[in-house]
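Biologist: Could you take me through the largest pocket of this model with some care, and then set it against the parts that lie around and beyond it? I would like the reasoning spelled out wherever a cut-off decides the matter.

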Amino acid sequence: MTLHWVPATDRGDLLADPVALAVPGIEGAEVTEIDLDLADTAAFCERYGIRLDESANCVVVAARRGGETRYAACMVLATMRVDVNGVVRKHLDARKASFAPMADAVELTGMEYGGITPIGLPGDWPILVDAHVAGHPRVVIGSGLRRSKLAVPGATLAGLKGAEVLSLTT
């Protein structure tokens, strides 16, 4: 099956509402429709011939300190794992950090689980972009919906408001 990439601004119907609002300011963003059943990264990559190191996942982290919970998004290549309890926890100055519960991530982002993307996140969320993602010429990421994917330069993700480039993996 072939992917048909088009400018993301041409297909707002393939973007979650917060993503559609943010994407006009995202240089070079393209979107493609995919089979809903193939939204998970490994299945998507296998079916559509995208290498795992060309795909990046957005992990929503809940960081806690003294009764306060703050959220952050972490972008890592699909071949890597986020060091939530080490690098991310320390960077966010949290006593405890963990993957955000699915219901919280969906409600707070306005996006579908499995399609969450850093584009269109709440403005006060830090976006932690792994250096491997930031340096990538083009990564495939979520669109806010499970039935489509976005492709953007890694530098675009590194340039998002609130983004910081770090080494997020162990």
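Modeller: What follows begins with the largest pocket and then turns to the cysteines, the nonpolar cores and several individual residues.

The model is a predicted one, and its largest pocket holds about 680 Å³ of space. The lining of this pocket comprises 26 residues, and those closest to the pocket centre are Thr 41, Asn 57, Cys 58, Val 59 and Tyr 113. Two strands, β3 (56-65) and β7 (139-142), each supply at least two residues of the lining, and β3 gives the most, with five residues. By character, the lining residues divide into 16 nonpolar, six polar and four charged.

Thr 41, one of the residues closest to the centre of the largest pocket, lies in helix α2, which covers residues 41-48. Thr 41 counts as buried because its relative accessible area is 17%, and the cut-off for that class is under 20%. Leaving aside neighbours within four places in sequence, Thr 41 is in contact with Leu 52, Ser 55, Asn 57 and Ala 78, and Asn 57 is itself among the residues closest to the pocket centre.

Cys 58, another residue close to that centre by the same ranking, leads to the matter of the cysteines. A disulfide is a covalent bond between the sulfur atoms of two cysteines. Why does a search of the whole structure find zero disulfides? The sulfur of Cys 74 is 7.8 Å from the closest cysteine sulfur, which belongs to Cys 58, and this is too far for a bond; the cut-off for a disulfide is a pair of sulfur atoms within 2.5 Å. The sulfur of Cys 45 likewise has the sulfur of Cys 58 as its closest cysteine partner, at 16 Å, again too far for a bond. Both of these cysteines are buried: Cys 45 has a relative accessible area of 5%, and Cys 74 has a relative accessibility of 0%.

In soluble globular proteins, nonpolar side chains tend to be buried together. The largest nonpolar core in this model has 36 residues, and those with the most contacts inside it are Ile 119, Ile 141 and Leu 157. At least two residues of this core come from each of β3, β4 (68-77), β6 (127-130), α5 (131-134), β7 and β8 (148-152). The strands β3 and β7 therefore appear both here and in the lining of the largest pocket, where each supplies at least two residues. Ile 119, when neighbours within four places in sequence are left aside, is in contact with Val 19, Ala 22, Val 23, Ile 26, Met 111, Ile 141, Leu 150, Val 152, Leu 157 and Leu 160. Apart from the largest core lies another, of 14 residues, among them Val 61, Val 76, Val 88 and Ala 97.

Two members of that other core, Val 61 and Ala 97, are touched by Val 84, which also touches Arg 89, Ser 98 and Phe 99, not counting residues up to four places away in sequence. Val 84 is placed in helix α3, residues 84-91, and counts as buried at 7% relative accessibility. From Val 84 to Glu 27 the separation is 57 residues in sequence and 29 Å in space, C-alpha to C-alpha.

The loops offer a range of exposures. In the loop between α3 and β5 (96-99) sits Asp 93, which counts as partly exposed at 48% relative accessibility. The phi of Asp 93 is near 55 degrees, a positive value in a residue other than glycine, whereas most residues other than glycine have a negative phi.

The loop between β1 (6-7) and α1 (17-22) contains Gly 12, and Leu 14 is found in the loop between β1 and α1 as well. Gly 12 is partly exposed, at 34% relative accessibility, while Leu 14 is buried, at 1%. Not counting residues up to four places away in sequence, Leu 14 touches Val 31, Thr 32, Glu 33, Ser 143, Leu 145, Arg 147 and Ser 148.

Finally, Lys 161 is placed in the loop between α6 (154-158) and β9 (163-166), where it is exposed, with a relative accessible area of 68%. Lys 161 touches Gly 123 and Ile 127, again not counting residues up to four places away in sequence, and its C-alpha atom is separated by 19 Å from that of Ala 8, 153 residues apart along the chain.

Conventions
Residues are numbered from 1 along each chain as its sequence is written. This is a predicted model: local features need pLDDT of at least 70, side-chain atom pairs count only at pLDDT 80 or more; totals for chains, interfaces and linings use all residues. Side-chain values use heavy atoms; hydrogens and water are left out. On a 1 Å grid over the protein atoms alone, a cavity is a set of points where a 1.4 Å probe fits but cannot get out, and a pocket is an open set with protein on both sides within 12 Å along at least five of seven lines; lining residues have an atom within 4 Å of a point. Grid points are joined across faces, edges and corners, and a volume is the space filled by probe spheres set on the points. Helices (H or I, at least four residues) and strands (E, at least two) are DSSP runs, numbered from the N terminus. Ala, Val, Leu, Ile, Met, Phe, Trp, Tyr, Cys and Pro count as nonpolar, Asp, Glu, Lys and Arg as charged, and the others, Gly among them, as polar. Buried means under 20% relative accessible area, exposed over 50%, partly exposed in between (1.4 Å probe, protein chains only). A nonpolar core is a set of buried Ala, Val, Leu, Ile, Met, Phe, Trp, Tyr and Cys residues joined through side-chain atoms within 4.5 Å. Contact means heavy atoms within 4.5 Å.
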